[in-house]
Amino acid sequence: MIDALHRLFGEHFGAGPELVARAPGRVNLIGEHTDYNDGFVLPCAISRQTMVAARRRDDGQVRIVAGDLGGVTTAFSLSEPIQPDSAAPWSNYVRGVADGLLEAGLDLPGADLAIIGDMPQGAGLSSSAALENAAGLALAALAGQPDFDRSRLALIGQRAEHRFAGCQCGIMDQLVSARAVAGAALLIDCRSLECAPVSLPDDLAVMIVHSGIERGLVDGEYNLRRQQCEAAARHFGVAALRDLAVLPAAGGLDPVAYARARHVVGENARTLAAADALRAGDLASLGALMAESHAAMRDDFQITLPAIDALVELLQQAIGSVGGARMTGGGFGGAVVALLPVAEVKRVRAAVLASYRTPAGEPPLIMIETPAAGASLL
Ligand code: GLA
């Protein structure tokens, strides 16, 4: 990938880059739609990632070439107000991050940027967070801040999603992509942004199955879930649903908002319990918690699809009580995550390939992942 990146940079900008930044995608093991409720999540970074090669320019221009999109280019100026560009929506993450870094007071020079990655699109594995962090770190390094605080980097990526991409997302994706520790999942308290690494046992495999149902144009559903959760928190008189250890009686709250709250309150407890189960190597409990999480996403939060439910059931049956499976990420398509003993991978993979086909009628992409480290300069 790095050779292709250098080639891409040379072809478009002549000579070579000054630096290369990388940031990983993520898979969430448990803790879904809890982050913007100030709750807990347990994701890990994956080996699939985005790389950004960068060289300083002194004219305040940012020129970008995207290798994964067939070498399409765009440009913008740092000396004028930065705006989203509907003609190059893929670049809005970079525009948003540049805007956020300027607002944070960094003295950004112009830049030539080449982007490349190996993230499957529409899988819900946070390719946008990986791009935000890699581009943000590259720009910060060009501005003389290679050690730019990783939590601030993540917050700037989240701000880019809010202001430049129209998704009112939480902090999970950007934060784990920025701060992950190799070999571990991160238990994140999304209120304090405290991250506690939880090592994954060597004999545990993280399997990701891409349903082949692309997550597209679902920001509306996402933002609606967020509003419903906030309405529930207001109804119960708390700052965020995180503040409810137990779900009170509905007390007149509309049934849909109540069901959303039931998912979130339960999911926070499940996430903390799952971190304990992982630490104890208790895969049976972990699997049961993942199954409960999936059922709540299906019935209370209503973000799964019948084909995803069927894929999860298939995995749960193949894995039995030695691990678990659930949909991962924002919902409405994308990937399913399974945790299982390494020794069972071959058999479970065969079971999936024997029975599941994507909407295009193809066997699904199956990835076996080792938790990667967060964003870094190469
Ligand atoms: C998306 C968002 C995250 C999080 C998940 C659901 O990935 O970007 O902030 O809310 O959905 O857990």
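Which helix holds S177? The points below take up that residue, then the ligand site and several loop positions. The model is predicted.

1. **S177 and its partner.** S177 belongs to helix α5, which spans residues 172-179. The residue is buried, at 1% relative accessibility. Its side chain makes a polar contact with the side chain of N133, at a distance of 3.0 Å. When you inspect S177, look at both ends of that pair.

2. **A134 in helix α3.** A134 lies in helix α3, residues 127-142. Its relative accessible area is 0%, so A134 counts as buried. The C-alpha atoms of A134 and A178 are separated by 8.8 Å. Along the chain, these two residues are 44 positions apart.

3. **Where the ligand sits.** The ligand occupies the largest pocket. The residues around the ligand are R26, E32, H33, D35, Y36, C169, G170, M172, D173, Y222 and G330. By class, that shell has four nonpolar, three polar and four charged residues.

4. **Polar atoms facing the ligand.** Three distances deserve a check in the viewer. A side-chain N or O atom of R26 is 3.0 Å from an oxygen atom of the ligand. For Y222, a side-chain N or O atom is 2.5 Å from a ligand oxygen. G170 takes part through its backbone: one of its N or O atoms lies 2.9 Å from an oxygen atom of the ligand. How much of the ligand does the protein bury? Taken alone, the ligand exposes 300 Å², and the protein buries 93% of that.

5. **H33, a ligand neighbour with positive phi.** H33 is among the residues around the ligand. Its place is in the loop between β1 (19-30) and β2 (40-57). Phi of H33 is near 60 degrees, a positive value in a residue other than glycine. Most residues other than glycine have a negative phi. Is H33 buried or exposed? The relative accessible area of H33 is 5%, under the 20% cut-off, and therefore H33 is buried.

6. **L193, a second positive phi.** L193 is not a glycine, yet it has a positive phi of about 65 degrees. The residue is found in the loop between β6 (184-189) and β7 (194-199). With a relative accessible area of 16%, L193 is buried. The cut-off for buried is under 20%, which is why 16% qualifies. The backbone at L193 merits a look, as does the backbone at H33.

7. **D203, an exposed loop residue.** D203 is placed in the loop between β7 and β8 (204-210). Is D203 buried or exposed? Its relative accessibility is 52%; exposed means over 50%, so D203 counts as exposed. The C-alpha atoms of D203 and A343 are separated by 7.7 Å. The two residues are 140 apart along the chain.

8. **H210 in strand β8.** H210 lies in strand β8. At 8% relative accessibility, H210 counts as buried. What lies 3.0 Å from a polar atom of the H210 side chain? The backbone nitrogen of G212 does.

9. **Points to carry forward.** For the ligand site, keep the 93% burial in view, along with the contacts from R26, G170 and Y222. For the backbone, keep the positive phi values of H33 and L193. For side-chain pairs within the protein, keep S177 with N133. For residues far apart along the chain, keep D203 with A343, at 140 residues, and A134 with A178, at 44 residues.

Notes
Residues are numbered from 1 along each chain as its sequence is written. This is a predicted model: local features need pLDDT of at least 70, side-chain atom pairs count only at pLDDT 80 or more; totals for chains, interfaces and linings use all residues. Side-chain values use heavy atoms; hydrogens and water are left out. A residue is near a molecule or strand if one of its heavy atoms lies within 4 Å of it. A polar contact is a pair of N or O atoms within 3.5 Å; within protein, one must be able to donate a hydrogen and the other to accept it, and residues adjacent in sequence count only if both atoms are side-chain atoms. Accessible areas come from the Shrake-Rupley method with a 1.4 Å probe; for residues, only the protein chains shown count as cover. On a 1 Å grid over the protein atoms alone, a cavity is a set of points where a 1.4 Å probe fits but cannot get out, and a pocket is an open set with protein on both sides within 12 Å along at least five of seven lines; lining residues have an atom within 4 Å of a point. A molecule sits in a cavity or pocket if more than half of its atoms lie within 2 Å of its grid points. Ala, Val, Leu, Ile, Met, Phe, Trp, Tyr, Cys and Pro count as nonpolar, Asp, Glu, Lys and Arg as charged, and the others, Gly among them, as polar. Helices (H or I, at least four residues) and strands (E, at least two) are DSSP runs, numbered from the N terminus. Buried means under 20% relative accessible area, exposed over 50%, partly exposed in between (1.4 Å probe, protein chains only).
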